[in-house]
Amino acid sequence: MIVNFWADALPEDTAEGLPVPGRMASFLVGHCGFFMFNFLNVCYLIFFEEYTFQRFRKNFLLQLGFVACFVQIFSCITSIHRYNIDDEYGVWNKAGVIIGLVAFTFFNFTDIYL
């Protein structure tokens with residue numbers, strides 16, 4: 001079973017009250033992949049849309065997408081850091097949420113005008 005919706009315990013705890021093995025590692029791997037996705041998007045926008053095709057400065061949606069991906073990289077960095085230090089609900093969590101909300105604001109502006 002992948003997900004047990006009828007469980008009484010919190011999903012981050014086992015029946016003994018210990019953290020579920022591999023839970024933090026799976027979140028860490030997911031955020032590393034998300035970081036790579038945003039990093040590649042930023043590199044594409046800089047190297048191809050700006051330098052190769054020279055249409056980055058003319059297209060406002062590309063600029064919004066660049067800001068969104070660039071800011072989202074910092075949200076991924078905070079998430080990777082908090083999983084590395086095993087502090088899931090600390091100050092890095094709050095910073096990551098705030099930075100992520102800023103990034104998704106720019107993502108939403110881009111999506112509205114597409």
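Colleague: Hi! Is Phe104 buried, partly exposed or exposed?

Modeller: Phe104 counts as partly exposed, because its relative accessibility is 41%. Keep in mind that this is a predicted model.

Colleague: Thanks! Which residue does Phe104 form an aromatic pair with?

Modeller: With Phe107. The pair is tilted, with 5.3 Å centre to centre and 50 degrees between the planes.

Colleague: And where do Phe104 and Phe107 lie?

Modeller: Both are in helix 3, which covers residues 91-112. They are three residues apart, about one turn of the helix.

Colleague: How many aromatic pairs does the structure hold?

Modeller: Eight. One of them is formed by Phe27 and Tyr83, and that pair is stacked: 5.6 Å centre to centre, with 10 degrees between the planes. This pair links distant parts of the chain, since Phe27 is in helix 1 (residues 23-52), Tyr83 is in helix 2, and their positions lie 56 residues apart in the count.

Colleague: Is Tyr83 buried or exposed?

Modeller: Tyr83 is buried, because its relative accessible area is 9% and the cut-off for buried is under 20%. Its partner Phe27 counts as partly exposed, at 34% relative accessibility.

Colleague: Which rings are linked into a cluster?

Modeller: Phe56, Phe66, Phe70 and Phe74 are, through ring pairs.

Colleague: Nice. What lies over the face of Phe53?

Modeller: That's Arg55, at 4.5 Å from the ring centre.

Colleague: New topic: the inside. Which residues make up the largest nonpolar core?

Modeller: There are five: Val42, Ala68, Cys69, Ile73 and Phe107. Helix 2 gives the largest share of this core, with three residues.

Colleague: Let's take Cys69. Where is it, and is it buried or exposed?

Modeller: Cys69 is in helix 2. It counts as buried, because its relative accessibility is 6%.

Colleague: What is Cys69 in contact with, leaving aside neighbours within four places in sequence?

Modeller: Asn38, Asn41, Val42 and Phe107. As for Phe107, it is 38 residues from Cys69 along the chain, and their C-alpha atoms are separated by 8.1 Å.

Colleague: What about Ala68, again not counting residues up to four places away?

Modeller: Ala68 touches Ala103, Phe106 and Phe107. So you meet Phe107 again here: it belongs to the largest nonpolar core, and it also pairs with Phe104.

Colleague: Where does Gly65 lie?

Modeller: In helix 2. Gly65 counts as buried, because its relative accessibility is 14%.

Colleague: And what does Gly65 touch, not counting residues up to four places away in sequence?

Modeller: Leu45 and Thr110. You can also look at Gly65 together with Asn41: they are 24 residues apart along the chain, and their C-alpha atoms are separated by 8.8 Å.

Colleague: Last one! Which side chain does the side chain of Ser79 make a polar contact with?

Modeller: The side chain of His31, at 3.5 Å. Ser79 lies in helix 2, which spans residues 60-84.

Colleague: Why does Ser79 count as buried?

Modeller: Because its relative accessibility is 6%, and buried means under 20%.

Conventions
Residues numbered from 1 in each chain as written. Predicted model: local features only at pLDDT ≥ 70, side-chain atom pairs only at ≥ 80, totals over all residues. Heavy atoms only, no water. Helix = DSSP H or I, 4+ residues; strand = E, 2+ residues; numbered from the N terminus. Buried < 20%, exposed > 50% of the residue type's maximum accessible area, 1.4 Å probe, protein only. Polar contact = N/O pair within 3.5 Å; in protein donor to acceptor, adjacent residues only side chain to side chain. Phe/Tyr/Trp six-rings, centres within 6.5 Å; stacked < 30°, edge-to-face > 60°. Lys NZ or Arg CZ within 6 Å of the ring centre and 35° of its normal. Contact = heavy atoms within 4.5 Å. Core = buried A, V, L, I, M, F, W, Y, C linked by side-chain atoms within 4.5 Å.
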